[in-house]
Amino acid sequence: MKILHINSYYAANGFYENLYNQQIKLGYTIKVFLPILKNEKLKFDYGEYVDIFRGYRTLDRLFFIPKHLKILKESKKRYSADSFDLIHAHSLISNGFVAHGLSKKIGIPYIVAVRDTDLNFFLKKFRFLKPLAKRILADASRIIFLSPGYREETIKLLFSKKEESSIKQKSELIPNGIDDFWLNNLSDNHRANLNKKNIQIITVGQICRRKNFNTACQAVEMLHQEGYNISHKIIGKVIDDGILSEILTYPFVQYINHLSKDKLIEYYRDSHVFVLPSITETFGLVYGESLSQGLPVIYTKGQGFDGQFEEGHVGYHVYPKDPADIAEKIKLVLNNYEHLSSNCVSSVEKFDWRRIAEQYKAVYEGI
């Protein structure tokens, strides 16, 4: 089978390479169409299967339709019906626009994924795009959602009750995977005997407002007031200096800059609970990394990780703007720690890219 991936996000997110490599191992012929800025610097080696199109300027980003018509026009020049069996668009609005137009032109089916950016940026800030999004989803052969919450929110935002069942029937829930490094270095569950007098909480992510570090710190402060002895390590690249200044006002916080995997794993192993109540989150690879090291997780209700497991199996969802809720869920984790930690390690295989590639294979062949 020959698959054309349309994925503008691959320019910045190298984790997609894991999926592409697994698909090649399964015997697929793949091509990745990657539209980028004319002067954009390449961040890594994208592989022989990537077609880069330096097709637009920074100013073009202000005009959605003209920008994407340029990309669509180029895709029509490059690809024909006899080259591929299926198109896989990795987002609804940007990549889905191109996949929809190309599919109409060359007559092959497409599947489309729905991302955090689609729901929480394009569709909420640019409402004129809603009819377009609805048409892209209606014409897709399958729709990929990372979580049940994203599926429900998308349907509620775009479709009537009458249309709901047809969209659900062609939807698939497929998560992102984590790097093999984490699966090859699973924790031995050494935290079975938790010392509640010395609790280590860890948060990993870019230091920006969307990650909601300040509310997590407020929750930890509440627990301190109840007598808990908790230290809170926050690890990640600084995007917003103001956010960093805010979290460093808490005496129990230790900030550490972005780390490589082999160093980050040691911090995971020295910690007990992973807490990241992001305002929005497409998926959050760091949750899966944490599970591999036996850390129960606190995650946001309705966002990408919510619904991956039954509530209370590997952690708990929270309302991200409610520090009291976050504090209560941390206490629930501590009171059921050994069971949760054991579940984390035994459940993380769900995020193995080999397994995920097989799920996509079933979708492709079903079409």
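This talk goes through two sheet regions and then the aromatic residues of the structure above, which is a predicted model.

Let me begin with strand 4, residues 86-89, which is covered on both faces: Leu86 and His88 lie on one side, Ile87 and Ala89 on the other, and all of them are buried. Strand 4 pairs with strand 1, residues 2-6, in the parallel sense over four bridges, and within that pairing isoleucine 3 stands opposite leucine 86. Strand 4 is also joined, by three bridges and again in parallel, to strand 5, residues 110-114, where tyrosine 110 stands opposite isoleucine 87. To get from strand 4 to strand 5 the chain passes through helix 3, residues 94-106, and this β-α-β crossover is right-handed.

Further along, there is an open sheet of six strands, in the order 10-9-8-11-12-13, with parallel pairing. Strand 10 (253-256) and strand 13 (315-318) each have a single partner strand, so one side of each is left without a neighbour in the sheet. Neighbouring strands here are turned by 25° against each other on average, with direction ignored. Helix 11, residues 261-269, packs on this sheet and touches strands 8, 9, 10 and 11, and its direction makes about 145° with that of strand 8.

Inside the sheet, strand 11, residues 273-275, runs parallel to strand 12, residues 297-300, and two bridges join them; phenylalanine 274 has valine 297 as its bridge partner in strand 12.

Phenylalanine 274 brings me to the aromatic residues, for which the count comes to 27 pairs. Phenylalanine 274 and tyrosine 287 form an edge-to-face pair, at 5.6 Å centre to centre and with 80° between the planes. That pair links distant parts of the chain, since phenylalanine 274 is in strand 11 and tyrosine 287 is in helix 12, 13 residues apart. How buried are these two residues? Phenylalanine 274 has a relative accessible area of 0% and tyrosine 287 one of 1%, and because buried means under 20%, both qualify. Both also belong to one aromatic cluster, whose members include Trp182, Tyr299 and Phe309.

A contrasting arrangement is found in helix 15, residues 353-366, where tyrosine 360 and tyrosine 364 lie four residues apart, about one turn of the helix. Their rings form a tilted pair, 6.2 Å centre to centre with 35° between the planes, and both residues are buried.

Finally, two lysines deserve a look: the charged end of lysine 350 sits over the ring of phenylalanine 309, 5.0 Å from its centre, and the charged end of lysine 67 sits over the ring of tyrosine 56, 4.5 Å from its centre.

Note on methods. Residues numbered from 1 in each chain as written. Predicted model: local features only at pLDDT ≥ 70, side-chain atom pairs only at ≥ 80, totals over all residues. Heavy atoms only, no water. Buried < 20%, exposed > 50% of the residue type's maximum accessible area, 1.4 Å probe, protein only. Pairing = 2+ DSSP bridges. Right-handed = clockwise from strand over helix to strand, strands pointing away. Axes fitted to C-alpha atoms, helices over the stretch in contact; angles between N-to-C directions. Contact = heavy atoms within 4.5 Å. Phe/Tyr/Trp six-rings, centres within 6.5 Å; stacked < 30°, edge-to-face > 60°. Lys NZ or Arg CZ within 6 Å of the ring centre and 35° of its normal.
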